[in-house]
Amino acid sequence: MTARVIVVDDQAVVREGIVMLLGLMPGIDVVGAAKDGLEAVTLVGELATDVVLMDLRMPRCDGVEATRLIRERYPATQVVVLTTYDDDDSLFPALRAGARGYLTKDAGGDEIVKAVQDVMAGDAGLAPGAQRRLLERVSAVPAVTEREAAPDGLTARETEVLSLVAEGLSNHDIARRLHIGAATVKTHINNIFAKAGVRDRAQAVRYAYQHGLIRPPGTNVT
């Protein structure tokens, strides 16, 4: 499946270089490029776009605000951040805004293509460093005790699945971790979305943080 991609970066040399690189990669069709967040939002509205590769620090409208607007107005379009910055102050606002992927600009073409494919499949497209910091943040959040009831009627299994979604695991990986079928995982995730009132995995992770449902890696719900 070919992904229709828009590249967003305020530096013309960088933007054109990314467009040229992706033009050589299979499965990618670059349908547009923008120099800031406002242009990006406009282009997504005009073009049938699957994924936006989004820089963060740009004039007029930065990448975080543009991501929020795109995910709000065009929920079928996914956003992968492609930036120079890999600090927490850049990563977490982008994820909270709705980005499903986060890469730094030293990523190779294959890494970018994989992230695009991952987010189109409903998974997270995170660089290893971003995954590590997300897990560190997860580990720092107090876990829900057995005596505490999960909010919105989430079952213990749904809470466990949600914690694995927050770790960045795909449906297939969650199925293997819990020794259940991929279809069962999908059912749990659909139930989580319905009960929590969220639209996608990024919002589900934010919901988990807000309600203290994230568990440190290796902790099981019983």
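This passage walks through the nonpolar cores, a charged surface patch and a few individual residues of a predicted model.

Let's start on the inside. The largest nonpolar core has 26 residues, and the ones touching the most other members are V8, V52, M54, I70 and Y102. Quite a few elements chip in here: β1 (3–8), α2 (37–46), β3 (51–54), α3 (63–73), β4, α4 and α6 (128–140) each bring at least two residues to this core. There is also another core, set apart from that one, with 21 residues that include L154, A196, A204 and A208.

Helix α2 is also home to A40. With a relative accessibility of 0%, A40 is buried, because anything under 20% gets that label. Along the chain, A40 and C61 are 21 residues apart, and their C-alpha atoms sit 9.4 Å from each other.

Next to C61 in the numbering comes R60, found in the loop that links β3 and α3. R60 has a relative accessibility of 62%, so it counts as exposed, the cut-off being over 50%. Its backbone is a bit of an oddity. Most residues other than glycine have a negative phi. R60, which is not glycine, has a positive phi, near 65°.

Now for the surface. A patch of negative charge is formed there by D86, D106, D110 and E111. One of these, D86, belongs to the loop running between β4 (78–83) and α4 (88–97). The relative accessible area of D86 is 45%, so this residue is partly exposed: the value falls between the 20% and 50% limits.

Methods:
Residues are numbered from 1 along each chain as its sequence is written. This is a predicted model: local features need pLDDT of at least 70, side-chain atom pairs count only at pLDDT 80 or more; totals for chains, interfaces and linings use all residues. Side-chain values use heavy atoms; hydrogens and water are left out. Patches are made of residues with over 30% relative accessible area and no salt bridge: like charges are joined within 9 Å, nonpolar side chains (Val, Leu, Ile, Met, Phe, Trp, Tyr) within 5 Å. Accessible areas come from the Shrake-Rupley method with a 1.4 Å probe; for residues, only the protein chains shown count as cover. A salt bridge is a side-chain nitrogen of Lys or Arg within 4 Å of a carboxyl oxygen of Asp or Glu. Lys and Arg count as positive and Asp and Glu as negative; His and the chain ends are not counted. The place of a charge is taken as NZ of Lys, CZ of Arg, CG of Asp or CD of Glu. Helices (H or I, at least four residues) and strands (E, at least two) are DSSP runs, numbered from the N terminus. Buried means under 20% relative accessible area, exposed over 50%, partly exposed in between (1.4 Å probe, protein chains only). A nonpolar core is a set of buried Ala, Val, Leu, Ile, Met, Phe, Trp, Tyr and Cys residues joined through side-chain atoms within 4.5 Å.
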